[in-house]
Amino acid sequence: MERLQKVIANSGYTSRRKAEELISQGKVQVNGKIITELGTKVSSSDYIVVNGHLIKNSPKEYYLLNKPRGYLSTTTDDKNRKTIIDLIKTTSRIYPVGRLDYDTTGAIILTNDGELTNLLIHPKNNIEKVYIAKIKGLLTKDQANKLRNGVYFDNYKSAKAKVKIKKYNKKTDTSLVELTIHEGKNHQVKKMFEAVNHEVIKLHREKVSFLEVKNLKSGEYRILTPKEVKKLYFEATKKN
Ligand code: URA
């Protein structure tokens with residue numbers, strides 16, 4: 001049994017706070033009866049309707065995938081390209097938490113838990129994402145500091161970031177740079193490097209929060225443990 005507002009938020013229909021408002025306003029029915037009591041517990045067999053919409057209370061699934069290059073991180077594609085959903089064996093309607101570009105590899109969570117998804121993607125919740133970027137040229141100390149303090153792209157200034165220069169290859173004139181950010185703007189890492197005049201040649205996400213993909217081969221995934229799911233909720237709701 002779970003609290004009604006949690007089940008509504010989990011379905012992805014709205015946030016937990018909005019769900020509470022809707023319950024108080026008498027917009028939620030359980031098995032045909034209007035419920036205004038916030039703590040009401042419901043089970044997966046209960047029939048929940050919010051504002052005329054049926055809410056699916058299906059069991060939650062959580063996966064960590066090491067995304068391969070050449071896959072979209074959407075649920076469908078109008079050009080019939082491969083999506084990362086094709087890699088996961090499930091009949092549930094899961095979706096990716098945030099996006100990785102078609103050519104980006106690495107850590108991505110997939111789930112049908114709308115509440116956790118909303119918490120993880122909200123920048124104010126400071127979920128760290130660690131990227132390894134192979135870039136053209138040598139990143140100077142000054143450029144690294146600019147990235148640390150925030151750079152401008154698309155009328156936006158990135159928040160403070162962590163930057164570690166891992167390696168410079170003189171022969172190919174390329175560098176490996178570890179960049180840790182907690183935002184998730186479209187093509188953010190590529191745009192941040194572009195703002196300091198470096199092109200990203202390869203991009204890999206090593207880590208989302210505490211979840212790493214180093215033990216997963218490209219295209220491999222694993223189911224998250226209940227303890228990891230709890231920890232993700234903790235990480236996304238703790239005060240920074
Ligand atoms: N930043 C990018 O530029 N691309 C990604 O796929 C993820 C972050």
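# Ligand shell, strands and rings

Biologist: A polar side-chain atom of Thr-104 lies 2.9 Å from an oxygen atom of the ligand in this predicted model. At what distance from an oxygen atom of the ligand is a polar backbone atom of Asp-101?

Modeller: Thr-104 and Asp-101 both belong to the set of residues that surround the ligand. Thr-104 makes its contact through the side chain, whereas Asp-101 makes its contact through a polar backbone atom. The distance from that backbone atom of Asp-101 to an oxygen atom of the ligand is 2.7 Å.

Biologist: How much of the accessible area that the ligand has on its own does the protein cover?

Modeller: A polar backbone atom of Lys-190 is 3.0 Å from an oxygen atom of the ligand. On its own, the ligand has 240 Å² of accessible area, and the share that the protein covers is 96%.

Biologist: Which helix gives the most to the shell around the ligand?

Modeller: The surrounding residues include Gln-188, Val-189 and Lys-190. The helix that gives the most to the shell spans residues 188–195 and supplies three residues. That element is helix H5.

Biologist: Is strand E10 largely enclosed or left open by the rest of the structure?

Modeller: E10 pairs with strand E14 (residues 174–181) over eight bridges, and seven bridges join E10 to strand E15 (residues 200–208). Of the eight residues of E10 (residues 129–136), six are buried, so the strand is largely enclosed.

Biologist: What is the bridge partner of Lys-134 in E15?

Modeller: E10 runs antiparallel to E15, and its pairing with E14 is antiparallel as well. In E14, Ile-132 has Glu-178 as its bridge partner. In E15, the bridge partner of Lys-134 is Lys-202.

Biologist: Why is one side of strand E3 (33–34) left without a neighbour in the sheet?

Modeller: An open sheet of four strands, with antiparallel pairing, follows the order E3-E2-E5-E6. E3 and strand E6 (53–55) stand at the edges of that sheet, so one side of each lacks a neighbour, because each has a single partner strand.

Biologist: Which residue of E3 is the bridge partner of Val-30?

Modeller: Strand E2 (residues 28–30) pairs with E3 in the antiparallel sense over two bridges. Within that pairing, Val-30 has as its partner in E3 the residue Lys-33.

Biologist: How many residues apart are Tyr-63 and Tyr-221?

Modeller: A search of the whole structure finds two aromatic pairs. One of them is formed by Tyr-63 and Tyr-221, with 5.6 Å centre to centre and 80° between the planes, an edge-to-face arrangement. The pair links distant parts of the chain, with Tyr-63 in strand E7 (residues 62–67), Tyr-221 in strand E17 (residues 221–223), and a separation of 158 residues.

Biologist: Is Tyr-221 buried or partly exposed?

Modeller: Its partner Tyr-63 has 6% relative accessibility and therefore counts as buried. Tyr-221 has a relative accessible area of 25%, which is over the 20% limit for buried and under the 50% limit for exposed. Tyr-221 is therefore partly exposed.

Biologist: At what distance from the ring centre of Phe-210 does Lys-231 lie?

Modeller: Two lysines can be placed over aromatic rings in turn. Lys-185 lies over the face of Tyr-156, at 4.6 Å from the ring centre. Lys-231 lies over the face of Phe-210, and its distance from the ring centre is 4.3 Å.

Biologist: Is Thr-74 buried or exposed?

Modeller: Thr-74 is placed in the loop between E7 and E8, and a polar atom of its side chain lies 3.0 Å from the backbone oxygen of Thr-76. Arg-81 lies in the loop between E7 and strand E8 (95–96) and is partly exposed at 33% relative accessible area. The relative accessible area of Thr-74 is 18%, which is under 20%, so Thr-74 is buried.

Biologist: What value is phi of Asp-173 near?

Modeller: Asp-173 lies in the loop between strand E13 (162–169) and E14 and is partly exposed, with a relative accessible area of 36%. Asn-126, in the loop between helix H3 (114–121) and E10, has a positive phi although it is a residue other than glycine. Phi of Asp-173 is also positive in a residue other than glycine, and is near 50°.

Terms used. Residues numbered from 1 in each chain as written. Predicted model: local features only at pLDDT ≥ 70, side-chain atom pairs only at ≥ 80, totals over all residues. Heavy atoms only, no water. Buried < 20%, exposed > 50% of the residue type's maximum accessible area, 1.4 Å probe, protein only. Pairing = 2+ DSSP bridges. Phe/Tyr/Trp six-rings, centres within 6.5 Å; stacked < 30°, edge-to-face > 60°. Lys NZ or Arg CZ within 6 Å of the ring centre and 35° of its normal. Near = heavy atom within 4 Å. Polar contact = N/O pair within 3.5 Å; in protein donor to acceptor, adjacent residues only side chain to side chain. Areas by Shrake-Rupley, 256 points an atom, 1.4 Å probe, with all protein chains shown as cover.
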